[in-house]
Amino acid sequence: MLDELAATCEQKGCDRPLREDNCILVYRTDHGERRAYECDCGAVIVTVHR
Ligand SMILES: [Zn+2]
């Protein structure tokens, strides 16, 4: 499981930590809570929380 606090940008060569400030979307599915983050570099990363 991906820890929210340990989430980092997956963009090659970026590796910035993703913070609450970067969170642009939160939604729930049957599989858990998903959060979309937009990094300062422009990449969007989706994490899953259960
Ligand atoms: Zn990035």
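**A three-stranded sheet and a buried cysteine**

Let me start with one residue. C9 has 21 C-beta neighbours inside 10 Å, so C9 counts as buried. The cut-off for that label is 20 or more. Keep in mind that this is a predicted model.

Where is C9 in the chain? C9 sits in the segment before β1. And what does C9 touch? Set aside the neighbours within four places in sequence. Then C9 is in contact with C14, D15, R16 and L18, and also with C39, C41, A43 and I45. Hold on to I45, please; I will return to that residue. One more distance here. C9 and D40 are 31 residues apart along the chain, yet 9.2 Å separates their C-alpha atoms.

Now the whole chain. There are 50 residues, and 8% of them count as buried. C9 is one of the buried residues. Next, contacts. Take those in the chain with a separation of 6 or more. Residues 24 or more positions apart make up 35% of them.

On to secondary structure. How many helices and how many strands does the chain have? Zero helices, three strands. From the N terminus on, the order reads β-β-β.

Let's walk through the strands. β1 covers residues 23-29. Is β1 well covered or hardly covered? Hardly covered: of its seven residues, zero are buried. A hairpin of two residues then takes the chain from β1 into β2. β2 spans residues 32-38. β1 and β2 run antiparallel, with six bridges joining them. Look at one facing position: R28 is opposite E33 of β2.

Then comes the other pairing. β2 and β3 also run antiparallel, and six bridges join them. Here Y37 is opposite I45 in β3. That is the I45 I asked you to remember, which is among the contacts of C9.

Put the strands together. The three form an open sheet, in the order β1-β2-β3, with antiparallel pairing. Why do β1 and β3 each have one side without a neighbour in the sheet? Both stand at the edges, and each has a single partner strand, so one side is left without a neighbour there. β3, for reference, is 44-49. From one strand to the next, the twist averages 20 degrees.

A word of background. Strands of a sheet pair through backbone hydrogen bonds, either parallel or antiparallel. In this sheet, the pairing is antiparallel.

To recap: three strands and zero helices, an open sheet in the order β1-β2-β3, and a buried C9 in the segment before β1.

Technical notes: Residues numbered from 1 in each chain as written. Predicted model: local features only at pLDDT ≥ 70, side-chain atom pairs only at ≥ 80, totals over all residues. Helix = DSSP H or I, 4+ residues; strand = E, 2+ residues; numbered from the N terminus. Buried ≥ 20, exposed ≤ 12 C-beta atoms within 10 Å, placed from the backbone. Contact = placed C-beta atoms within 7 Å. Pairing = 2+ DSSP bridges. Axes fitted to C-alpha atoms, helices over the stretch in contact; angles between N-to-C directions.
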